[in-house]
Amino acid sequence: MNKAELINAMAAESGLTKADSKKALDAFIASVGKAMKAGDKVSLVGFGTFAVAERAARTGINPSTKQPIQISAKKVVKFKPGAELTAE
């Protein structure tokens, strides 16, 4: 499902217009993005939790040259599904 299909599904499920559904989805994405940048986690009971995790630096291998390369540490977004979502 892509963004346009999600907007259509949201509009059909909620009774909102497609324009209002697009605004709601864009606001949700922006809000979650701001929370992630601030290092907060976003918990939606029954759906899941979005959180920021640290990925440690590690040594990898360049597949074309087979030479070892150093991969730097970084922050990544993780999603843990909730019980209701897992049950479905």
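**Figure 1. The hairpin of E3 and E4, with Thr59 facing its partner.** In this predicted model, let us start with one pair of residues: Thr59 has Gln70 in E4 as its bridge partner. The two strands E3 and E4 run antiparallel and are paired over four bridges. Together they form a hairpin, with six residues between the strands. Strand E3 covers residues 58-61, strand E4 covers 68-71, and Lys66 lies in the loop that links them.

**Figure 2. A closer look at Lys66 in the turn.** What is the sign of phi at Lys66? Phi is positive there, near 65 degrees, and the residue is not a glycine. Is Lys66 buried or exposed? Lys66 is exposed, because its relative accessible area is 61%, and the cut-off for exposed is over 50%.

**Figure 3. The hairpin of E1 and E2.** Here is another antiparallel pair: E1 and strand E2, which spans residues 48-55, are joined over three bridges. One place to look is Val42, whose bridge partner in E2 is Phe50. Three residues sit between the two strands of this hairpin, and Gly46 takes a positive phi near 90 degrees. As you follow a strand with your eye, it may help to know that side chains in a regular strand alternate between the two faces of the sheet.

**Figure 4. Strand E2 beside strand E5.** Strand E2 also pairs with strand E5, made of residues 74-81. How many bridges join E2 to E5? There are eight, and the two strands run antiparallel. To find your way in this view, look for Ala51, which has Lys78 in E5 as its bridge partner.

**Figure 5. Gly39, on the way from helix H2 to strand E1.** Gly39 sits in the loop between H2 and strand E1, the latter being residues 42-44. With a relative accessibility of 52%, Gly39 counts as exposed. Where does Gly39 stand with respect to Val77? The two residues are 38 apart in sequence, and their C-alpha atoms are 9.9 Å apart in space.

**Figure 6. Ser21 in helix H2.** Helix H2 runs over residues 18-37, and Ser21 is part of it. Is Ser21 buried or exposed? Ser21 has a relative accessible area of 0%, so it is buried. Which residues does Ser21 touch, apart from those up to four places away in sequence? They are Ile7, Met10, Ala11, Ser14 and Leu16.

**Figure 7. Phe28, also in helix H2.** Phe28 is another residue to pick out in helix H2. Its relative accessibility is 37%, so Phe28 counts as partly exposed. Setting aside residues up to four places away in sequence, Phe28 touches Leu44 and Phe50. You have already met Phe50 as the bridge partner of Val42 in E2. For Pro68, you will need to zoom out: Phe28 and Pro68 are 40 residues apart in sequence, with 40 Å between their C-alpha atoms.

**Figure 8. Ala35 and its contacts.** Ala35 belongs to helix H2 as well. Why does Ala35 count as buried? Its relative accessible area is 16%, and buried means under 20%. Once neighbours within four places in sequence are left aside, Ala35 is in contact with Asp40 and Val42. Thr49 offers another landmark: Ala35 and Thr49 are separated by 14 residues in sequence and by 12 Å in space, C-alpha to C-alpha.

**Figure 9. Stepping back to the whole chain.** To close, here is how the pieces are arranged in the protein chain, which has three helices and five strands. Read from the N terminus, the order of the elements is α-α-β-β-β-β-β-α. The chain is more spread out than a compact globule, because its radius of gyration is 18 Å, well over the 12 Å that the globule rule gives for 88 residues. Along the principal axes, the C-alpha atoms fill a box of roughly 55 × 30 × 30 Å. Of the 88 residues, 15% count as buried. The chain exposes about 6800 Å², and carbon and sulfur atoms supply 59% of that area. Among contacts with a separation of 6 or more, 26% join residues 24 or more positions apart. Finally, the chain carries 14 positive and 8 negative charges, and the mean positions of the two groups are 12 Å apart.

Technical notes: Residues are numbered from 1 along each chain as its sequence is written. This is a predicted model: local features need pLDDT of at least 70, side-chain atom pairs count only at pLDDT 80 or more; totals for chains, interfaces and linings use all residues. Side-chain values use heavy atoms; hydrogens and water are left out. Buried means under 20% relative accessible area, exposed over 50%, partly exposed in between (1.4 Å probe, protein chains only). Contact means heavy atoms within 4.5 Å. The radius of gyration is taken over C-alpha atoms; the globule rule is 2.2 Å times the number of residues to the power 0.38. Accessible areas come from the Shrake-Rupley method with a 1.4 Å probe; for residues, only the protein chains shown count as cover. Lys and Arg count as positive and Asp and Glu as negative; His and the chain ends are not counted. The place of a charge is taken as NZ of Lys, CZ of Arg, CG of Asp or CD of Glu. Two strands pair if DSSP finds at least two bridges between them.
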